[in-house]
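Reader: I would like a close look at one part of this model, the surroundings of the ligand, and then at the residues that help to place that part within the rest of the chain. Please take the time to connect the details with one another.

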Amino acid sequence: MRKLFFTGFFLTIVLPMLGQVYKTANKKASATTVQLYNNLFSILPKGILFGHQDDLAYGLGWEYIPGKSVVQDAVGEYPAMYGWELGDLELGATFNLDSVPFNKMKSFIKEGYQKGGVITISWHANNPVTGKNAWDISGNAVAAIIPGGSKHELYKVWLDRVASFMLDLKGQKGEYIPVIFRPFHELTGNWFWWCQNVCTPEEYKKLWQFTFDYLTNIKQVHHLLWAYNPEKFETEAQFMQYYPGDEYVDVMSFDFYQYGDPSNNSDFEQKLDKRLGILTSIARKHQKLPALAETGFLNIPYAEWFTKKLMKGIGNHQISYIHLWRDGGLVNGTGKYRFAPSQDHFIPVGRDPSFMDFYKLYISDKFIFEKKARELKLYK
Ligand code: BMA
């Protein structure tokens with residue numbers, strides 16, 4: 001017991017005071033990346049970084065207006081985290097699957113980094129066997145792209161393209177911009193070709209490990225922090241079933257969305273609380289950064305969702321960041337929908353009804369937006 005106490009004290013109090021103690025999975029990670037990683041740990045007690053997908057690119061009724069941001073429009077301040085999506089990059093396309101041009105995406109990434117924010121990138125890669133999109137689960141695609149598989153060479157070409165994108169992300173001093181990379185997410189679902197219903201834990205782990213080794217050791221990409229990201233799970237064992245290993249992961253996270261009518265039940269906040277409890281405890285044990293990598297309530301039909309559901313579920317859990325999904329606007333003709341409040345003719349009368357509630361989240365001292373993130377100097 002006493003020994004346990006001293007180990008805990010040493011790990012959580014003494015070591016952080018000494019500076020860089022949290023080792024990145026990539027032993028050759030750049031100094032800026034190691035710095036960010038350690039800073040994210042040390043600011044855990046100070047609040048949760050607030051992120052939004054495609055925030056600078058578009059919102060309801062607009063796209064690519066310099067300086068414009070969904071979150072900034074809503075609360076007067078930019079988010080602290082910016083999420084971007086690589087799907088279709090692997091094919092050599094110039095636009096991602098949501099029609100965001102990759103060259104614009106690179107500028108937005110630089111812009112967010114310049115503001116002191118954190119960058120995270122997901123990858124809805126196409127099915128390498130059928131050539132259809134990420135949601136096509138046929139063809140045993142994971143088995144096909146790991147070493148020895150019939151599409152392994154093709155997968156290497158895809159990773160070459162991911163590497164050249166990443167290696168094009170540089171700050172003003174020529175330093176690489178650190179990226180929290182979150183490939184093969186929501187693996188405990190059943191909708192992507194890398195999900196648990198269409199690949200074994202061994203195959204998934206091999207895919208992850210190969211991807212890590214190839215980008216790190218062959219392509220020399222040393223500015224990624226690797227985020228492992230199940231969707232549903234009820235136990236630690238379920239969370240860990242596809243976990244590729246401590247030497248391949250920096251961030252432990254999950255995705256969790258609200259569905260149904262939250263006005264007559266507390267399922268969402270209870271489940272969120274429970275899962276965050278499991279997550280933070282595993283993350284502590286493995287010395288990894290805990291995060292809620294995707295969340296939201298499509299079109300926010302419950303105006304007090306942010307405070308009554310999301311914030312309630314988060315409670316006092318110390319996590320690094322939460323990330324709302326995109327406000328699909330004009331882009332890709334996919335129709336309008338939103339996860340962050342927005343003002344637009346899509347919304348029947350006046351302001352987004354959830355706006356005031358989102359503002360309450362913003363002014364609560366729980367979350368970190370642009371200014372505080374900049375003050376915290378996450379890269380120094
Ligand atoms: C999904 C949806 C899709 C989108 C994909 C990648 O959750 O938003 O419309 O193509 O993410 O951004």
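How many Å separate an oxygen atom of the ligand from an N or O atom in the side chain of Trp-325?

Author: The model is a predicted one, and in it that separation, between an oxygen atom of the ligand and an N or O atom of the Trp-325 side chain, is 3.0 Å. Two further polar approaches can be described alongside it: a polar side-chain atom of Asp-98 lies 2.5 Å from an oxygen atom of the ligand, and a polar side-chain atom of Arg-326 lies 2.8 Å from an oxygen atom of the ligand. The protein covers 77% of the accessible area of the ligand, which on its own amounts to 310 Å².

The shell around the ligand consists of Glu-85, Leu-97, Asp-98, His-124, Trp-135, Trp-325, Arg-326 and Tyr-337. Sorted by character, the residues of this shell comprise 4 nonpolar, 1 polar and 3 charged.

From the shell one can move outward by way of His-124, which surrounds the ligand together with the other shell residues and is also in contact with Ala-134. Ala-134 is placed in the loop between strand S5 (118-123) and helix H5 (141-145), and it is buried, with a relative accessible area of 1%. What covers Ala-134 can be read from its contacts beyond four places in sequence, which, besides His-124, are Ala-125, Asn-126, Asn-127, Trp-191, Phe-192, Trp-193 and Trp-194. As for Leu-207, which is 73 residues from Ala-134 along the chain, its C-alpha atom is separated from that of Ala-134 by 15 Å.

The nonpolar interior can be described next. The largest nonpolar core has 120 residues, and the members that touch the most others are Leu-86, Ile-121, Met-166 and Phe-181. Phe-181 belongs to strand S6, and at 0% relative accessibility it counts as buried. With neighbours within four places in sequence left aside, Phe-181 is in contact with Leu-86, Ile-121 and Met-166, and also with Trp-123, Val-162, Leu-215, Leu-224, Leu-225, Trp-226 and Ala-227. One of these partners, Trp-123, is 58 residues from Phe-181 in sequence, yet the two C-alpha atoms are 8.5 Å apart in space.

Leu-225, a contact of Phe-181, is also touched by Thr-24, whose other contacts beyond four places in sequence are Ala-29, Val-34, Tyr-37 and Asp-250. Thr-24 lies in the loop between helix H1 (2-17) and helix H2 (31-42). Although it is a loop residue, Thr-24 is buried, because its relative accessible area is 5% and the limit for that class is under 20%. A polar atom of its side chain lies 2.8 Å from the backbone oxygen of Asn-26.

Two loop residues with an unusual sign of phi for their residue type deserve a careful look. Glu-186 has phi near 55°, a positive value in a residue other than glycine, and it is placed in the loop between strand S6 (179-183) and helix H7 (201-218). Gln-220 likewise has a positive phi, near 55°, and is not a glycine; its loop runs between H7 and strand S7 (224-228). As to exposure, Glu-186 counts as buried at 8% relative accessibility, whereas Gln-220 is partly exposed, with a relative accessible area of 38%.

Conventions
Residues numbered from 1 in each chain as written. Predicted model: local features only at pLDDT ≥ 70, side-chain atom pairs only at ≥ 80, totals over all residues. Heavy atoms only, no water. Near = heavy atom within 4 Å. Polar contact = N/O pair within 3.5 Å; in protein donor to acceptor, adjacent residues only side chain to side chain. Areas by Shrake-Rupley, 256 points an atom, 1.4 Å probe, with all protein chains shown as cover. Nonpolar A, V, L, I, M, F, W, Y, C, P; charged D, E, K, R; others polar. Core = buried A, V, L, I, M, F, W, Y, C linked by side-chain atoms within 4.5 Å. Buried < 20%, exposed > 50% of the residue type's maximum accessible area, 1.4 Å probe, protein only. Contact = heavy atoms within 4.5 Å. Helix = DSSP H or I, 4+ residues; strand = E, 2+ residues; numbered from the N terminus.
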